[in-house]
Amino acid sequence: MADALIAEFGDDAALARAVERLHELGVRGLDAHTPYSTEVVRDALAAPPSRLSLAVLAGGATGASAAYGLEWLLVAHLYPLNVGGRSPQLPLAFVPITFEMGVLFAATTAFVAALVTGRLVRLWDPVFEVDGFEHASRDTFWLALELGAANTPPEERLRAELTELGATRVSDLSRGTP
Amino acid sequence: MTELFELHLRRRDLGRLVAASVALSGLAACAERREKIYPYARRPPGVVPGVATHYATSVVRDGFAVGVLAESHEGRPTKIEGNPEHPASLGAAGVFEQASVLDLYDPARVGGARGPAGLTSREAIERDLAAACAKGPPPWFVLEPSSSPSLERVLAALRRRLPGARVSFHAPLANATRYAASELVYGRALEPQYHFEQASVVLALGADFLDGMPMSLRHARDFAGRREPGPAMSRVYAAETSLTPTGTLADHRLGVAPSELERVAAAVLAELATMSETRVSLPDGLQAALAPAAPLPEAHAAFVRSVVRALVGARGSALVVAGPETPKSVQVCALLANAALDAPGRALTFVRPVLLEPDGGAPLAELPDALRAGAVGALVFAGTNPIYSAPELELGALLGRAASTWCLAHVEHETARACGSVLAESHYLESWGDARAGDGTLSFVQPLIEPLKPSVSVLELLAGLASDFPASGHDIVRETEHERLALGLGKPKIADFEAAWEREIQRGFADRGAAPSLSPVLVAERAVPALASALAASHAGSRASGGQDLELHLARSPTLYDGRFSENAWLLELPHPLTKQSWGNAALVSPRTAGALGRRTGDVVELRAGPRRLEAPLVVLPGHADGAVTLELGFGHAISENLSNGVGVNALGLGVAPGAAAHVAVRATGTKAELALTEEHWTLADDEVVHELTLRDYTQNPPHFAQNLAAQPTLLEPFEYAGTQWAMTIDLSRCSGCNACVVACQAENNTPVVGKDLVRQSREMYWLRIDRYLAGSADEPRIVQQPMLCQHCEKAPCEYVCPVNATVHSPDGLNEMVYNRCIGTRFCSNNCPYKVRRFNWFDFSEARGATVLQRNPDVTVRERGVMEKCTYCVQRIRRAEIAARRERRGLRPGEVVTACQQTCPTGAIAFGSLDDESSEMLRRRREARTFAALADLGTRPRTRYLAKIRNAEHEEAGS
Amino acid sequence: MTASAREADAALTDQLVATVWSGSRYFKLGFLLLGAGSLGFAALIAYTFEVGIGLWGNNIPVAWAFAIVNFVFWIGIGHAGTFISAILYLLEQRWRATVNRFSEAMTLFAVAQALLFPVLHLGRPWFAYWLLPYPARMHVWPQVKSPLPWDFAAIFTYGTVSLLFFYLGLLPDLASTRDRAPERWRRRIYGIFALGWRGSEDAWRHYRLAYLLLAGLATPLVISVHSIVSADFAVGLTPGWHSTIFPPFFVAGAIFSGFAMVLSLIIPARKVFRLENVITPRHVDACAKLLLVTGLCVAYGYAIEFFVAWYSGDEFEIEQFFVTRPTGPNSWAFYLMLCCNVVVPQLLWSRRLRTNLKLLWLLSLLINVGMWCERFVIVVLGLEREYLRADQAAYTPSWVDLGLLSGSVCFFLFLFLGFLRFLPIVALSEVKETRRHLARARAEGAAAGG
């Protein structure tokens, strides 16, 4: 017995209409699978904006301060030398590496965060079991919806709605591993 | 890569050598032989591991000794320094003295003894030689000119034993003209002694008295004493064909072809003779004899006029010096001129000839006929290489006519190859001997090490033949000295003698060993006709030649002397002081002559003198005399497996003896030679880098170099330097560019020789090089030689670009290079405006054979891929500091001496700490003429230069 | 409309993914040749490691030469990639979508070359890690006043960020490739690299932001990297190096050379893979225009260099620019540089030429040559004539130098060929998105009109 449904649509507009309708019906936990990111779907699902930026900011700050701190510690504090008659503590010279390390850490954070929050880096996902899903990366748009939650309409009703809304096919989606 | 890096010696051999030298090192100090080998666990007396010991000995060249101190590490001689007490050195050492230590370890040395039947023992050869001398026609010995009292005794005995034996003293550059000249003027052979500390005006006639004469080291020191800018500063006029260190430092210089030199000398003498106030009576008819066959060119005449004016003005402190290789006529003129100037007894004194048989003994020129006549029994070459150095005698083909041929040789050379039996000659650091310095001072040659290969010295060989002599050189020399002292102070008690002997050996020269100064009387009547004929002859000669012909001038090579050092890698690579040519020699001509020939530097020309011809690359040398070509001796050896094989051309190949007048036809061959020039172009003196001004300008309106030494504005807070702060000053008015410092640095700091290919790629490894700048015009150049080494900048540009702290500043102001931290980015070299940093492009650390034994254990041998550069001889600084700390005292003023400073004949280099008020360095640094190279860059160099001051005549002031 | 759009998407996807399966025998040949070249490259590197960089033509004073020239050259190439993918992205230049995959790949492989040379040119390359502040027993650390550690940091960061940016952009297309894979094993491999991408809107949400942020970070980065590279010279006091114009001058030059390289790569690829419908003349034209603009910046840089040299009145600067460059040894490089970087780009003013791909391609190659020469002029001619006229020497490259240069070109092309063969060469999800966007915009326009 499936605990979720997944429906294929010909284009994003149709999918968006479906999302609105389902929202009216009070269905929650919707997620779309689209070959490319489209604002139509984005607006329809109206998900809250990502807060990746904060993580990235933190990462960048860490990198930069670590770099500057290390430079100061090693060059100016632990082992000060007379190099070219310049004083060991020379903030100007520390800037480039500080900047580069800031960027490096920020970028790495952004990448990793995107993978984690996007629930990626996995070899298998139930949706891969849905036949025809390979089109999700090619030309069709898929809408997945949770079942069994409180005040969601019964499955048959939803299937009917979806087909009516222009879904070219509707299949079960079982969260558990087959 | 060149074959230089191949290890010619198997590790086992190396081990043996080290073991032997180490074990026997105890010997260095004491006298008698010990055949015992003992483990280093029991330390030989007088050897503290890691602590160098110095022994006094002498370097003898063409019979003239220079006293030196040889540095020994665990019994390995590693470095030669001048002997401060020795009158011919005064602590300085020249290029050849410095480089001589490398010959000891030369892989090309003759190994052991070789008979007609192949390898044999030294004893066998000596036995056979004795036999050969005894039977058949009388033997003929060809020896290097010598002044050794011991050899004198031995030869006397030898003559008694082998009546009819003939002995020639042969060396390409040795000649007796000065004796002949003094014969004419004073009626007896004399050795002129020049005292430049007495001379306020000097005329050098083809005389390189700063670098090319037996007493040059002393001359240089005396001369430099009179070169402090000021009223006492001496003035030097030089007339020479090629450009020499003396010409470099001369205040006025005239480039003259050899024949013109004669005429200039005559003109000077003529002018002097006309001067009414000459106190000595010059011989009558001198004027007539000197009357020029043709008027001098205006330039020469003007030169002569000003010279004479100056000489006469300085009567009593004036001096005329004629080079030993100049024709007799020139030397006669010089002697007479000196007489007219009251020089004798003041700036000029005489001693009796220093050499045995000053006339050179049996003339070598007679040898070929004797050979053809079959009148030669055993033909023995000891320390000479006539097949190379006297090719006109065609000895190579004639040797077969001698009953037997024998050669005592240091390296495998042409003559050794041609002789039936060859015996290894001991290096002077391996053998006992004695010789006289240029002023007659009796000096001793003391060995520091057992012969590395079974070898014998000339003295020992001949003593063996003469028999009734002890076997060991030591005993012979000791006997001789005993006899000498016996004559001196009546039969001395053995004890006294022991004491005297020990003292003398320790010091390196004999008590009361100096030759007495003579005061001969002028008997010049015979001189006049001789002069007249000589001048007439040379004039005729010069007119006879015409067209493309150039006068040939053969000169001693400032890097290879006469070829005897041709296996010395240091000297082969050493750049010529003026042409900066390394690994080869060339035909030197003036820019004008080159223009007339339509040839440029690098073009190969053919020189033809009578039947003989040779091909040499042309090098244009500003200041060289027009209408003449100079070839330098010592190159063009042809022993295939030797280093010198095919390097340069043999100037003697034209069959003309140095000093003899000759003309050569010059023809372009159309080919080009690949020269290894370390300086491509003649760069004009640049105010940013060198300063050169006349004495009058300097005294009347002193320059203000100081202002650009003031600290430049900077955003960074300045770094405070306190306490001992090392610094150096180099006086450009004293630097003749003689290269002694370059070799000294190489010997001290283990800097590698890289070979011609890499020099051509501009990868030479010298820590100290001499940059040559041209002031004035290319036709009348004034040369400024600038020793360029690490400037130890206080704001060193090399330091702040090194990513790994491999070059940093020490608290005592040294720019330190940390080899084992260096990763070789070479950014430091890019950022060094003085380009004194060197990079190990390959693994240069591998030594050629035994030469590894020469290395200074106090200096790291650098590995491939690291930077290196001058350290101000930091090893010497630290050694002194350690000594001071051990004795719980501070550094003494002048306790630290860098290698370059120590060896510099003119004392151009001064080193010390900025907090040592007493130091000469600081005194010079405070002179108004002190400047820093490229001061505008704000690098604040610790090495400062003193502007070159020329004591020019006033008319020319400011020129 | 829907149907047609869908078919179009399908067709486009298939077309662009198809390149991954269609290994023509020309590919095999290409791999063979370039592979051989790369092996030669490796051999020469080994030789240099073994014997020492004495094998090169370098000397004193010219202690830096080919290795550094190549390094700066390759780093420069990379910059156009980042410029296209990051800066144009921020500027919402949607046409970039068709070429950014190319240029990012180019960046990546160029940086890979660039990373080799600084290490190889060390006297003791096996100690390169001493530039890192690793916990050394001797307590000697990197000397960060030197531009070289800056360089090290910059290039490392640049390489990493380029890789992340490239990979992140690649994810959706890897998924497409995975889903179109004919055989199971291929599906597996691409599946692994796709990291289980499902195009879920939830992932897209973060993905978009991450991509935007990376673009935002890469933009100052790309400026900083070549500025720091230029500091390797500008910090030194060599005449011709010690100049404040270097950072912007270098960045402009870098982007200039980069666009040239993009064109030299795209024009053939477009032909081989029949991408005329994706990479339209419009795109090429845009690249060409940028080439012209950056070219003008570079020309301005040259002019200013000479002006400042003259205006400074410093005799050494003046000699460097007015004597050494026009008349010194290797001055051929100077003239070649002027010809290729200043004269040739002026042809781009003509629209006809901008659209004539063959000519444009030749021209882009010329500019690559010119930019290499520029670095040669700065590095080598700068060192050949420095302060002390008494210690100057000319430079001639050895055969090893030439070998390493051509070797690195082979290796670069080898890697790039690999990219063309095994990865979707156009950012297809983006292209699809763009088309959709345009279609909708057109539709709305029509609606408004009608």
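Modeller: Helices (H or I, at least four residues) and strands (E, at least two) are DSSP runs, numbered from the N terminus. The model discussed here is predicted.

Colleague: Between which two helices of chain A does the loop that holds Ala46(A) lie?

Modeller: Ala46(A) has a positive phi, near 50°, although it is a residue other than glycine. Most residues other than glycine have a negative phi. The loop in which Ala46(A) lies is bounded in chain A by helix H2 (39-45) and helix H3 (52-78).

Colleague: Which residues does the cis peptide bond with omega of about 15° join?

Modeller: Most peptide bonds are trans. The cis bond belongs to chain C, and its proline, Pro61(C), is placed in the loop between helix H2 (25-51) and helix H3 (66-90) of that chain. With omega at about 15°, the residues joined are Ile60(C) and Pro61(C).

Colleague: What area is buried between chain C and chain A?

Modeller: The size of an interface is often given as the accessible area lost when the parts come together. Here 62 residues of chain C are in contact with 68 residues of chain A. Arg6(C), Lys145(C) and Arg198(C) supply 15% of the area that chain C buries against chain A, more than any other three residues. Carbon and sulfur atoms give 66% of the total between the two chains, which is about 5,700 Å².

Colleague: What is the count of salt bridges between chain C and chain A?

Modeller: One salt bridge pairs Arg436(C) with Asp11(A), whose closest N and O atoms are 3.5 Å apart. That distance falls inside the 4 Å limit, so the pair qualifies. The count for chain C and chain A is six.

Colleague: How many residues of the side of chain C that touches chain A are nonpolar?

Modeller: Across this interface, 24 residue pairs are in polar contact, both members being at pLDDT 80 or more. On the side of chain C, the elements that give two or more residues are helix H1 (2-21), helix H5 (147-180), helix H7 (201-234) and helix H15 (428-449). By class, that side has 16 charged and 14 polar residues, while the nonpolar ones number 32.

Colleague: Which three residues in chain B lose the most area to chain A?

Modeller: The contact takes 12 residues from chain B and eight residues from chain A. Between them the two chains bury about 1,000 Å², 60% of it on carbon and sulfur atoms. Together 46% of what the side of chain B buries is due to Leu716(B), Phe719(B) and Tyr800(B).

Colleague: How many residue pairs are in polar contact across the interface of chain B and chain A?

Modeller: Salt bridges between chain B and chain A number zero. Polar contacts are nevertheless found, counting pairs with both residues at pLDDT 80 or more, and the number of residue pairs is three.

Colleague: Which five residues lie closest to the centre of the largest pocket?

Modeller: The largest pocket holds about 1,300 Å³ of space. Of its 41 lining residues, the closest to the centre come from chains A, B and C, and they are Arg86(A), Leu716(B), Tyr800(B), Leu937(B) and His242(C).

Colleague: Which element gives the most to the lining of the second largest cavity?

Modeller: The whole structure has 17 cavities of 30 Å³ or more, and the second largest contains about 440 Å³ of space. Its lining has 27 residues, with Arg61(B), Gly212(B), Met213(B), Pro214(B) and Tyr561(B) nearest its centre. Two or more residues come from each of strand S2 (64-73), helix H2 (95-104) and helix H6 (216-225) of chain B. The element that gives the most, with three residues, is H2(B).

Colleague: How many residues apart in sequence are the parts that the pair Glu674(B) and Arg760(B) ties together?

Modeller: Among the 87 salt bridges over all chains is the one between Glu674(B) and Arg760(B), at 3.8 Å from N to O. Because Glu674(B) lies in the loop between strand S25 (663-672) and strand S26 (676-677) of chain B, and Arg760(B) in helix H24 (residues 756-760) of chain B, the pair ties together parts whose separation in sequence is 86 residues.

Terms used:
Residues are numbered from 1 along each chain as its sequence is written. Chains are lettered from A and ligands numbered from 1 in the order in which they are written. This is a predicted model: local features need pLDDT of at least 70, side-chain atom pairs count only at pLDDT 80 or more; totals for chains, interfaces and linings use all residues. Side-chain values use heavy atoms; hydrogens and water are left out. Contact means heavy atoms within 4.5 Å. Buried area is the accessible area (1.4 Å probe) that two parts lose on being put together, summed over both. A salt bridge is a side-chain nitrogen of Lys or Arg within 4 Å of a carboxyl oxygen of Asp or Glu. A polar contact is a pair of N or O atoms within 3.5 Å; within protein, one must be able to donate a hydrogen and the other to accept it, and residues adjacent in sequence count only if both atoms are side-chain atoms. Ala, Val, Leu, Ile, Met, Phe, Trp, Tyr, Cys and Pro count as nonpolar, Asp, Glu, Lys and Arg as charged, and the others, Gly among them, as polar. On a 1 Å grid over the protein atoms alone, a cavity is a set of points where a 1.4 Å probe fits but cannot get out, and a pocket is an open set with protein on both sides within 12 Å along at least five of seven lines; lining residues have an atom within 4 Å of a point. Grid points are joined across faces, edges and corners, and a volume is the space filled by probe spheres set on the points.
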